[in-house]
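Please open the structure in your viewer and keep the selection tool at hand. We will go from one selection to the next, pausing at each stop to see what is there.

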Amino acid sequence: MAKRKRIGMEVALAAAEAVGMCNVDVAAVYPITPQSHIAEHLSELVADGKTDTEYVTVESEHTSMSVCIGASATGARAYTATCSQGLMLMHELLPIASAMRCPIVMSVANRPVNAPLNILSDHSDIMPQRDSGWIVIFSENGQEVVDLTLMAYRIAEDKDIMLPVIIGIDGFILTHMVEPMEFPDQKEIDKFLPPYKPYATLHPDKPLTMGAFAMPDFFPQMMKAKDMALLNSKKTIVKVWDEWERKFGRRYRPVETYRTEGAETILVTMGSMSETAELGVDELRDKGVSVGLVKIRLWRPFPSDELKVAVKDARVLAVMDRAVSPGTGGGPVFTDIKAVFYGEDSRPIIVNYVMGLGGVDVTVGDFVKMGEKAAKAKKEEYEFYGVMG
Amino acid sequence: MSIVENFDLYAPRLIDKGEYFSMGHTGCAGCGEALATRLVLKGLGKDTIVSNATGCLEIISSRYPTTAWEIPWIHVAFENAAAVAAGVESGLKALRRKGRIPDRDVKSVSMAGDGGTADIGLQALSGAMERGHDMIHVCYDNEAYMNTGIQRSSQTPFGAWSTTSPPGEVSFGQRTWKKNIPEIMVAHNVAYVATANPSYPLDLIRKVEKARKLKGPSYIHCLSVCPTGWRMDSSLTIKVGRLALETGIFPLYEVENGKYRITVDMPEPLRPVEDYLKLQGRFRHLRPDKIEEIQARVNLEIKKLMNKVNYIQSWEELG
Ligand SMILES: Cc1ncc(C[n+]2csc(CCOP(=O)(O)OP(=O)(O)O)c2C)c(N)n1
Ligand code: SF4
Ligand SMILES: [Mg+2]
């Protein structure tokens, strides 16, 4: 493997650089903090002729997703990025993009959802999209953003998948960091990611009807097909990640572990907080607390089997949720993980800390505190960590 | 009429014999929207991709696994037909440039009802027109949300009954006048805006052909008589469409590079609006004072239009 130069760059710009390497045909991006730097830098790349992309300066996120679906239907590779209110505005179209099997890629600079308005970071925007039929992958640092973005179209356009992909990039905490990253050469990427070869396209040479309506005779089959495609996508996703590892040396798994050997208590995180959590685990281990960390990289399809294996000997799981699922008595990651263990003979005690909402900093010390508390847990808990009242 | 004599005799022979909107769709008998679509597609020809909003047209033509569309067609949602068409146009443009599809002039056309155009779809339409995509938007104006059960829209005429503007003890029906969408499109500085009406098929097809030839965005607002929603006999579709013109309620005109032109002459004097209203159950409850109010408004609107026709110069003339 060639040794590559690492360059320091803001992560949002790096995301745009990666998109610029993917030979995207149509991009339609509407600015919203903290995604805006992606929109801006991609426009610069287009303006400088560094990527041959039709950049559609849409008037809303609803239109950016509509443009992506229309473009994708013609056989074009389509890209967008958004977060928060923008993601909520395009919500209507997400299940349509997946059901119509449009392999669109979208970067989401995870940010809370109003009200109150808050431009910082958490996962409240992505959670309402859980059931939209998209593949959702979370990143932890700048290098992962670059790698996962470069792999996204390979996954989305795979004939066994044909589904759109979201890359979650925590707002500010990740989008606005300057980090050292390395980029593959364009030639290597061109080889890794050949031009999109669609199944079916809108073209007068072979007129097709797309987006027909269906009655009960066909509707359930279509829903089943989409669910099966999403469930089955996991093995292909892993295959693509394996190829990446062989070529570029960095390894990605649906569920990743850190010092879980023999750990009695396992913290479960998703997104940028995972790196801080690792430091927390180190500190806890130094103190003699038997703690490890499991990081969920693949949020949809949910990696149930991998998770079971990763935590099989743990007594306690402490699930860190960066979003609330009001009225369910637990955060969204927590409730999903609980469902995984329902059918198991032996189940860990699962506790849930909702934290880091609206950009609250979650420090190494916080993970140490939560880890210590979880290690003593006797039963299920649900707590807004560090929130008074 | 400023066209050659006997035009109507030989012109039909010039019309595309192809049928791109096939029989067997499930539209109501006498559906003006289905007829208009058939004619519009003749004007567009086979190198066309249609992005269709949710609404009657979509529902009557696309029950899976059947289709009435002989050209490529896509439906995504209700309010975004123009945005999808913008995406189709952008996709084609990029793929042509990169040599991945044949370098052929394929037109992206969005189609929506009055709701999908003037109400929920107005933002997407405005954005698409403002950005200058090479596309046409066709609005089939049947003056209500027909697909969902005849609810009022911003295009429902003053005084009309609809299921959400019912006349009652303290209501005479729809309380607002039609929002002027062609004028809003003119304000977008698009090169071509026209009204159309399938009761005048040659005029309609000619306008579509004109828009088809242009590079850039254009807009066609097509009156689409709806016997079901207008509460009228389904054999009267063409007649009621003609009365819409003869009473001055729906004049046929085009705006080319800023210049207004009447394309089908109206009788002088205009027929009274009552001739049009009385054939439709949706106006049955109107009392004479309301009919007078409508007549006065139609007279004013025609004056406003003629004022533009007579005095506004084209961009070339001004330039
Ligand atoms: C976002 C959204 N809101 C509401 C609807 C319900 N709906 C479907 S079609 C329609 C009305 C269509 O009216 P129009 O655009 O005038 O077309 P028509 O059926 O009259 O031809 C409505 C309200 C929808 N599909 N999507
Ligand atoms: S309700 Fe009106 S517009 Fe809809 S199919 Fe029937 S006649 Fe046509
Ligand atoms: Mg309508």
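In this predicted model, begin by selecting strand β11 of chain A and looking at its two faces, both of which are covered: A:Thr265, A:Leu267 and A:Thr269 are buried on one side, while A:Ile266 and A:Val268 are buried on the other. The strand spans residues 265-269, and five of its five residues are buried, so that label rests on each having under 20% relative accessible area.

Next, add strand β12 of chain A, residues 291-296, which runs parallel to β11(A) and is joined to it by five bridges. To find a place where the two strands meet, show A:Leu267 and look for A:Leu293 in β12(A), which stands opposite.

Now select helix α9 of chain A, residues 273-286, and keep both strands visible, for β11(A), this helix and β12(A) together make a right-handed β-α-β unit.

Then turn to another partner of β11(A), strand β14 of chain A, residues 316-321, which also runs parallel and is joined to β11(A) by four bridges. Here the pair to show is A:Ile266 and A:Leu317, since the latter lies in β14(A) and stands opposite the former.

For the last stop, move to chain B and select ligand 2, which is surrounded by residues including B:Cys28, B:Cys31, B:Cys56, B:Asn142, B:Met146 and B:Cys226. Which helices of chain B each supply at least two residues of the shell around ligand 2? They are α3 (56-61) and α9 (227-230). If you colour the shell by class, you will find seven nonpolar and three polar residues, with no charged residues.

Conventions:
Residues are numbered from 1 along each chain as its sequence is written. Chains are lettered from A and ligands numbered from 1 in the order in which they are written. This is a predicted model: local features need pLDDT of at least 70, side-chain atom pairs count only at pLDDT 80 or more; totals for chains, interfaces and linings use all residues. Side-chain values use heavy atoms; hydrogens and water are left out. Buried means under 20% relative accessible area, exposed over 50%, partly exposed in between (1.4 Å probe, protein chains only). Two strands pair if DSSP finds at least two bridges between them. A crossover is right-handed if, with the strands pointing away from the viewer, the path from the first strand over the helix to the second runs clockwise. A residue is near a molecule or strand if one of its heavy atoms lies within 4 Å of it. Ala, Val, Leu, Ile, Met, Phe, Trp, Tyr, Cys and Pro count as nonpolar, Asp, Glu, Lys and Arg as charged, and the others, Gly among them, as polar.
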